[in-house]
Amino acid sequence: YDIEFRIVQPGGSVRSLHFVAEVESDETGKPLKLVGTAQDITERKQAEEERKRLVTQLEELTRSLANEKGILDAIMRCTGVMLAYFDPQFNFVKINQAYAQGSGHPVEELIGKNHFDLFPDRENQAVFEQVRDTGKPVTFHDKPLVFADQPERGVTYWDWTLMPVKDSSGKVQGLVLSLLETTARVQAEEQMRIYERLATAGKVAGSISHELR
C-alpha cells in the first residue's frame, strides 16, 4: 500500500500524509496484520504547489511581458525553487541563484551554454525535445539523476516540471524547467522500508526459532 491523503485537524488546518504499509503474513501465507508508517509531507506538497504556481506565472509573464526584463528577473530571484529558462536549442538563457547552487555551477558558467553539453543525458534530452516539439508540459516525481561531472553526489532525486513557453502564434520559443530536490526524503523512505523489512525478518526468524524449540 502506498497512498497520499489529507486530514483536517481540530483547528481547521489541513495536513498531507504519505502512508506506506505492508501486510504481514504467517508461514502459511495467511494475513496477520498491516504494518506501516505515515510521513507528514505537508511542506513538500506546499512546495510543489508553489513551484507549479511560479512556473505558470513565469510562463505567462515571459509570453506577455517579454520586454519587461526587470519583472522576470524579480520573479526568478524571489523564490527558492530552482528555475531555468532555455531557448529552443536548450541553451541557458536565464537561471536563478537556487538553480545555480543546486547544479553546482555559478550563474556565469551556465548562461549561454547548452544544457546537454554540460549535463549529458539522452533520456532527459528526449524529454526536452518532446516538450519543444509537442508544446505539451511534462512532470516527474522523484526522478533519479547522476551528475556526470560530480560523481561524488551519487544518485540524486528530483521533482521536476518542464513547460513550453509559446509566442502569440502558439510557436514554442523556449522552455522553463523547475526543480525541487527530493533526495533526502527518498533516502529516508528507503531507510524506513529497510528497517521495516528487517523488523519483519526478525519476527519471522523468532517465530521459526520458537517452533524449532
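Which residues have the most contacts inside the largest nonpolar core? They are Y99, F128 and L162, and the core they belong to has 24 residues. Keep in mind as you look around that this is a predicted model. Besides that core, the structure holds two cavities of 30 Å³ or more, and the largest cavity has a volume of about 300 Å³.

**The nonpolar core**

- Several elements give two or more residues to the largest nonpolar core: the strands β4 (82–86), β5 (92–95), β7 and β8, together with the helices α3 and α6.
- The top contributor to this core is β8, with four residues.
- F128 is a good residue to click on: leaving aside residues up to four places away in sequence, F128 touches F86, F90, F116, W160, L162, L175 and L177.
- One of those partners, L162, is listed with F128 and Y99 as having the most contacts inside the core.

**The largest cavity**

- This cavity is lined by 20 residues, and the closest to its centre are H115, N124, L145, F147 and L179.
- Three helices each supply at least two residues of the lining, namely α3 (97–103), α5 (115–118) and α6 (122–134).
- Three strands also supply at least two lining residues each: β6 (138–146), β7 (155–166) and β8 (172–181).
- Strand β6 gives the most to the lining, with four residues.
- Sorted by class, the lining has 15 nonpolar residues, three polar ones and two charged ones.

**Elements to find in both places**

- Helices α3 and α6 and strands β7 and β8 give two or more residues to the core, and each of these elements also supplies at least two residues of the cavity lining.

Conventions. Residues are numbered from 1 along each chain as its sequence is written. This is a predicted model: local features need pLDDT of at least 70, side-chain atom pairs count only at pLDDT 80 or more; totals for chains, interfaces and linings use all residues. Side-chain values use heavy atoms; hydrogens and water are left out. On a 1 Å grid over the protein atoms alone, a cavity is a set of points where a 1.4 Å probe fits but cannot get out, and a pocket is an open set with protein on both sides within 12 Å along at least five of seven lines; lining residues have an atom within 4 Å of a point. Grid points are joined across faces, edges and corners, and a volume is the space filled by probe spheres set on the points. Ala, Val, Leu, Ile, Met, Phe, Trp, Tyr, Cys and Pro count as nonpolar, Asp, Glu, Lys and Arg as charged, and the others, Gly among them, as polar. A nonpolar core is a set of buried Ala, Val, Leu, Ile, Met, Phe, Trp, Tyr and Cys residues joined through side-chain atoms within 4.5 Å. Buried means under 20% relative accessible area, exposed over 50%, partly exposed in between (1.4 Å probe, protein chains only). Contact means heavy atoms within 4.5 Å.
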